[in-house]
Amino acid sequence: MILSAHNLVKYYGNFHALDNVNVSLEQGEVVGFLGPNGAGKSTTMKIITGYVAPTSGQVTVNGFDLLTQSLDCRKQIGYLPQQAPLYEDMTVASYLDHVARLKGVAKSQRRREVVEAIESANLQEVEKRHIRKLSGGNQRRVGLAQALINKPPILILDEPTAGLDPAQVANLRELIIKLKEQHTILLSTHVLAEVEACCSRVILINRGRCILDESIEDLQTRCKQVTHIHIRLIDNDYSAFTEALSTIDWAQVIEEKDGLVIEAPEDKRNELIELAQKNGGLRECIEERRSLEDVFRDLIVEDQNKKSS
Ligand code: ADP
């Protein structure tokens, strides 16, 4: 394991922001770090990168302990915070040179590091321009480029595409896909397309607690396992059909609106259609596949309900 954050607890005053959060990254993984606003993603990332101290918990990065070997840990990580500290009056190249200096890159290596970061982040065309004059998308790339200086094996990216337009989002996503060849990445985002395109695993947190840690493959299987099937009958009387459904344990009516919406395993569609034919005649059968978003939303609602009960 290249990074392990174990049982992180964080109090801001009396406020319990993190309640035993666990995040681990295997070498070469890209892990999506998701959760509603205020769930504790940024706090976790700030702790892992050494910017905020946890109240308790342990972080090890590439074999180094964050508490006792903080500088060694920081060298392993490139961090793109939500508000990257860009010096807007500097040009892209001079800013990156400044970052290289701060990161302790030897003078003889500095130019090469800057050129490579510029190339990796596709900033060649704007390297001599002032950061202030760049588009939001390019400014985000500069933020990414500063994280790449000194080639840290791990990247922690806090909502890298927030505030960008769809074309810039797609562009930056391509870049992240390219970066995953060289880096282990923890990526917080609200864009699920980004998660499906880039990540091999997802950690979902809510109210400062991890409520899911699962591979994308397993999540996609989970999406397929249950579908919502909307059935409308030719006959307006649904009583016989409802009666027949009540004898089947895998089918659950979840809504009665312009027909019936039934939650059922995907492979049972044909049986439902047959049942409808016999009990009122089938007018229409529409399958609503569950998306990753539905799965996450259900988990969050379930967790909220636990709190209120
Ligand atoms: P996320 O990144 O998931 O949106 P954050 O980690 O930023 O969540 O915040 C988690 C919770 O901690 C929120 O309720 C937020 O208001 C609170 N919080 C974050 N930073 C501070 C701080 N410096 N002082 C007090 N509360 C904070």
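**View 1. Contact between helices H8 and H11 in the predicted model.** Ile216, Leu219, Arg222 and Cys223 of H8 meet Leu292, Val295, Phe296 and Leu299 of H11. Sorted by class, this contact comprises seven nonpolar residues, no polar residues and one charged residue.

**View 2. Crossing geometry of helices H8 and H11.** Helix H8 spans residues 216-225 and helix H11 spans residues 292-308. Their axes come within 9 Å and cross at roughly 90 degrees. An angle of 65 to 115 degrees counts as roughly perpendicular, and H8 is therefore roughly perpendicular to H11.

**View 3. Packing of helices H9 and H10.** Helix H9 (residues 239-246) packs with helix H10 (residues 269-278) at an angle of about 140 degrees, the axes being 9 Å apart. The two helices are therefore oblique to each other, and their crossing is right-handed. From H9, Phe241, Ala244 and Leu245 meet Leu272, Leu275 and Ala276 from H10. The contact of H9 with H10 has six nonpolar residues, with no polar and no charged residues.

**View 4. Residues around the ligand.** The ligand is surrounded by Tyr12, Phe15, Ala17, Pro36, Asn37, Gly38, Ala39, Gly40, Lys41, Ser42 and Thr43.

**View 5. Polar atoms of glycine 38, glycine 40 and threonine 43 beside ligand oxygen atoms.** A polar backbone atom of glycine 38 is 2.7 Å from an oxygen atom of the ligand. For glycine 40, a polar backbone atom is 2.9 Å from an oxygen atom of the ligand. Threonine 43 contributes a polar side-chain atom, which lies 2.6 Å from an oxygen atom of the ligand.

Note on methods:
Residues numbered from 1 in each chain as written. Predicted model: local features only at pLDDT ≥ 70, side-chain atom pairs only at ≥ 80, totals over all residues. Heavy atoms only, no water. Axes fitted to C-alpha atoms, helices over the stretch in contact; angles between N-to-C directions. Helix = DSSP H or I, 4+ residues; strand = E, 2+ residues; numbered from the N terminus. Parallel < 35°, antiparallel > 145°, perpendicular 65-115°, else oblique. Left-handed = near helix turned anticlockwise from the far one by under 90°. Contact = heavy atoms within 4.5 Å. Nonpolar A, V, L, I, M, F, W, Y, C, P; charged D, E, K, R; others polar. Near = heavy atom within 4 Å. Polar contact = N/O pair within 3.5 Å; in protein donor to acceptor, adjacent residues only side chain to side chain.
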